[in-house]
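These are my notebook entries on the salt bridges of one model. The sequence and the structure come first.

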Amino acid sequence: MAQWLYRIVPSRPGMVADATPDEQRIVGAHFDYLVDLRDRGTLVLAGRTQEAEGTFGITIFDADDEAAARAIMRADPAVAAGVFVASLHPYRIAVARDGLED
């Protein structure tokens, strides 16, 4: 199984500092989706940078191939709703603390 990374950025400038109620709901669904991926053993890690402007998030996960990885990325509720713009990249963890390596 290969590792993949998708990078997300808010589609609306200022969304992190001033999210609408609908964006907040969708970001909540995004978080729940990531927790579900973790619970199914697919997610390696996910998080975002902590600045208000220029922030981005990453999700590192396992998938059989690019088609499966793209399906996982597109199924993210915030990506599907257009709240985040996502890009997919093949990835491989080279060095990690105990518990993160394959």
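Does arginine 25 count as buried or exposed? I looked up its relative accessibility, which is 54%, so arginine 25 counts as exposed. I note here that the model is predicted.

**Entry: the full count.** I searched for salt bridges and found five in the structure. I looked up three of these pairs, as follows.

**Entry: aspartate 22 and arginine 25.** I found a salt bridge between aspartate 22 and arginine 25, with 2.6 Å between the closest N and O atoms. Both residues lie in helix α1, which spans residues 21–39. I asked why the two are about one helical turn apart; the reason is that they are three residues apart in that helix. Aspartate 22 has a relative accessible area of 41% and is therefore partly exposed.

**Entry: aspartate 36 and arginine 40.** I recorded a second pair, in which the side chains of aspartate 36 and arginine 40 meet at 3.0 Å, N to O. I then checked accessibility on each side of this bridge. Aspartate 36 is partly exposed at 35%, whereas arginine 40, at 52%, counts as exposed.

**Entry: glutamate 66 and arginine 70.** I turned next to helix α2, residues 66–75, which holds both glutamate 66 and arginine 70. Their side chains form a salt bridge with an N to O distance of 2.7 Å. The two residues are four apart in the helix, which means a separation of about one helical turn. I list glutamate 66 as partly exposed, with a relative accessible area of 41%. Arginine 70 is also partly exposed, its value being 25%.

Technical notes. Residues numbered from 1 in each chain as written. Predicted model: local features only at pLDDT ≥ 70, side-chain atom pairs only at ≥ 80, totals over all residues. Heavy atoms only, no water. Salt bridge = Lys/Arg side-chain N within 4 Å of Asp/Glu carboxyl O. Buried < 20%, exposed > 50% of the residue type's maximum accessible area, 1.4 Å probe, protein only.
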